[in-house]
Amino acid sequence: QLPLAGSRLCLYEDGTELTESYFRALPPQTELVLLGPGESWRGCASDIERLLAAFCSQQGAVVEAARRLLTDERAPHRQKLLADLIHNLSENILAENKEDDKKWFEGLESRFKNKSSYLRHSCESRMRGYMREVSGFISNVHPEARDAYRGIIDLMADKLKSVKYNGCYFDRREEEEAARLCTAEGWFSCQGPFDRDDCPCKHSINPYSNRESRILFSTWNLDHIIEKKRAVVPELAEAVKTRDGREVNWEYFYQLLFTLDNLKLVHIACHKKTNHNLSCDKSRIYRKRKQTHEIS
């Protein structure tokens, strides 16, 4: 029913216009779009654009329609797709306070009044755990160096307290640090295994969105690129033992243990437990003592 003049045949996938020779070379069952004069097709991406637009403008209606379909659906794969769609569209990402999203706080202590306070607490707990590991290593330190090692532990503990245990990494309202890990809406992306620049599976999560995401986020790890147990802490102990009058650069070790200089946020599947085979920068283990000069 289309006029021959001006009509075109295109690939559904990307909108490529077909010539007769290209058409004959296509594999069987290739999906095509027949366009009349003045019509255009940019590929299936345009379908996705329309779908996303519908989600934004009629989110409630989409959720309700998906629920109706789910009641009669029997195929497991389609059931999962519909359930995931309902789950994702029912998120309450922008809610921050308990009274605005009570379900998110189910199972948590009553002292947590907003989402950021709980996530800051979670981060603080992880940092305290790292500090306990550093402190617990003192039995492996040479007896004559233990006092110096304790002194460095005290300096690190004071530093952590002064920055509130780096809880701002997980506070979407603390722009300077949080922006390095997430957006203002609270999305966190897996930064990939230590030996890759990105996550091959494109993991992402928003712990602010709903209770299930909050619980799943607790399984994500902060992965030390230069390993804490195999490299950083033993190197610190050795530095204290062999300092020979030199000043240990404890702030360098602090950065490796507790900051994003050496920490990657990763999905548990991307946390490689094998040896990273990376070591501390030898040139940064010690620092020059501040010298005082007499003025004649």
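This is a short dialogue on reading helix 8 and the aromatic pairs in a predicted model.

User: Let's start with Glu212. Where does Glu212 sit, and is Glu212 buried or exposed?

Analyst: Look up the secondary structure element, then the relative accessibility. Glu212 belongs to helix 8, which covers residues 211-217. Its relative accessibility is 46%, and exposed would need over 50%, so Glu212 counts as partly exposed. There's also a long-range neighbour to look at: Trp104 is 108 residues away in sequence, yet the two C-alpha atoms are 8.0 Å apart.

User: And Ser213, what is Ser213 in contact with?

Analyst: For that, set aside the neighbours within four places in sequence. What's left for Ser213 is His87, Ile205, Asn206 and Pro207. Ser213 is in helix 8 too, and with a relative accessible area of 9% it is buried. Its side chain also makes a polar contact of 3.2 Å with the side chain of Ser209.

User: Now the rings. How many aromatic pairs are there?

Analyst: Ring pairs are judged by the distance between centres, then by the angle between planes. The count here is nine aromatic pairs. Take Phe188 and Phe217: their centres are 5.0 Å apart and their planes make 40 degrees, a tilted pair. That pair bridges distant parts of the chain, with Phe188 in strand 3 (residues 188-189) and Phe217 in helix 8, 29 residues apart.

User: Are those two rings' residues buried or exposed?

Analyst: Phe188 has a relative accessible area of 0% and is buried. Phe217, at 4%, is buried as well. Compare that with Trp250 and Tyr254: the ring centres lie 6.5 Å apart with the planes at 80 degrees, so you'd call that pair edge-to-face.

User: Why are Trp250 and Tyr254 separated by about one helical turn?

Analyst: Because they're four residues apart in helix 10, residues 250-258. Trp250 and Tyr254 are both buried.

User: Which residues do ring pairs link into a cluster?

Analyst: Follow the pairs from ring to ring. Trp104, Phe105, Phe112 and Tyr118 are joined that way.

User: Which rings does Arg214 lie over?

Analyst: Here you check the charged end against the ring centre and the ring face. Arg214 lies over the face of Trp104, 5.3 Å from the ring centre. The charged end of Arg214 also sits over the ring of Tyr118, at 5.6 Å from that centre. Both Trp104 and Tyr118 are in the ring cluster we just traced.

Notes. Residues are numbered from 1 along each chain as its sequence is written. This is a predicted model: local features need pLDDT of at least 70, side-chain atom pairs count only at pLDDT 80 or more; totals for chains, interfaces and linings use all residues. Side-chain values use heavy atoms; hydrogens and water are left out. Helices (H or I, at least four residues) and strands (E, at least two) are DSSP runs, numbered from the N terminus. Buried means under 20% relative accessible area, exposed over 50%, partly exposed in between (1.4 Å probe, protein chains only). Rings of Phe, Tyr and Trp (its six-membered ring) pair if their centres lie within 6.5 Å; planes under 30 degrees apart count as stacked, over 60 as edge-to-face and the rest as tilted. A charge sits over a ring if NZ of Lys or CZ of Arg is within 6 Å of the ring centre and within 35 degrees of the ring normal. A polar contact is a pair of N or O atoms within 3.5 Å; within protein, one must be able to donate a hydrogen and the other to accept it, and residues adjacent in sequence count only if both atoms are side-chain atoms. Contact means heavy atoms within 4.5 Å.
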